[in-house]
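Biologist: Could you pull up the model so we can talk through it?

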Amino acid sequence: MESTHIYAQNLAISGLTCYIKTVISSDEFRRALGHFATGVTVVSTCDGDGRPTGLTASAFTSVSLDPPLVLVCVDHKSQSYPALLERGRFAVNVLRADQEAVSRRFATTRLDKFDGVPFHMSPLALPLLDDALAQLECVTVSTHVEGDHTILVGRVECVHFGSGQPLVYYRGRYDRLSGASA
Ligand SMILES: Cc1cc2nc3c(=O)[nH]c(=O)nc-3n(C[C@H](O)[C@H](O)[C@H](O)COP(=O)(O)O)c2cc1C
């Protein structure tokens, strides 16, 4: 089995642990993670000039029920990263099945991502995508640098719900729940 093979390769490095040096390539790592089906979100905030900014992110999960905490993992190379750190708050917009184009748009580094995408500013001054399946407004309570990403832990201050079905990402492709209509 392929996974056994990869594990055996790692064990073959004498004196080094997988943590210090791994033989798993980025492509292999991405491919393995791609087998974990996720929803798709746009994590948004405003920069120092009040301009909305954001990125497509699937590394989003709940952390705690009481208090209500979630996390998102953001690449240090992301153009949105400085604003997310400095602003100290962010919104998680959970995308609907018919929002694949929005996901693709926010997965680029263009500066005009919000142009033509319906959104509004919330009372917490966060840009919320109007057509999202759900929106969670968060205040950042801690940040943790891990490798080339930072984990932003946010306390959920406000939630909003839309209707429809979720956009799904699986093995590098967009998909939707079987039998579900958007
Ligand atoms: C389905 C999908 C999920 C993604 N998930 C993440 C993620 O969780 N964290 C991250 O930093 N980038 C993620 N990305 C990549 C960013 O969206 C991409 O690098 C984007 O260009 C960043 O935009 P920015 O540089 O303008 O901030 C994902 C991309 C796609 C298509």
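Modeller: Here come a few questions on the ligand shell and the strands.

Modeller: This is a predicted model, where local features need pLDDT of at least 70, side-chain atom pairs count only at pLDDT 80 or more, and totals for chains, interfaces and linings use all residues. Residues are numbered from 1 along each chain as its sequence is written.

Biologist: Which strands each supply at least two residues of the shell around the ligand?

Modeller: A residue counts as near if its C-beta atom, placed from the backbone, lies within 6 Å of the molecule or strand. Of the 17 residues around the ligand, A57, A59, D75, S78 and S80 come nearest. Strands are DSSP runs of E, at least two residues, numbered from the N terminus. The ones you want are β3 (52–57) and β5 (69–75).

Biologist: How many residues lie between β4 and β5 in their hairpin?

Modeller: Two strands pair if DSSP finds at least two bridges between them. β4 (residues 60–64) runs antiparallel to β5, with 4 bridges joining them, and T61 stands opposite L71. The hairpin they form has a spacer of 4 residues.

Biologist: What is the bridge partner of L69 in β10?

Modeller: β5 also pairs with β10 (residues 149–161), antiparallel over 7 bridges. For L69, the partner in β10 is R155.

Biologist: Which strands stand at the edges of the open sheet, and why is one side of each left without a neighbour?

Modeller: That sheet has 3 strands in the order β1-β11-β12, paired antiparallel. Each edge strand has a single partner, so one side lacks a neighbour in the sheet; they are β1 (38–39) and β12 (173–176).
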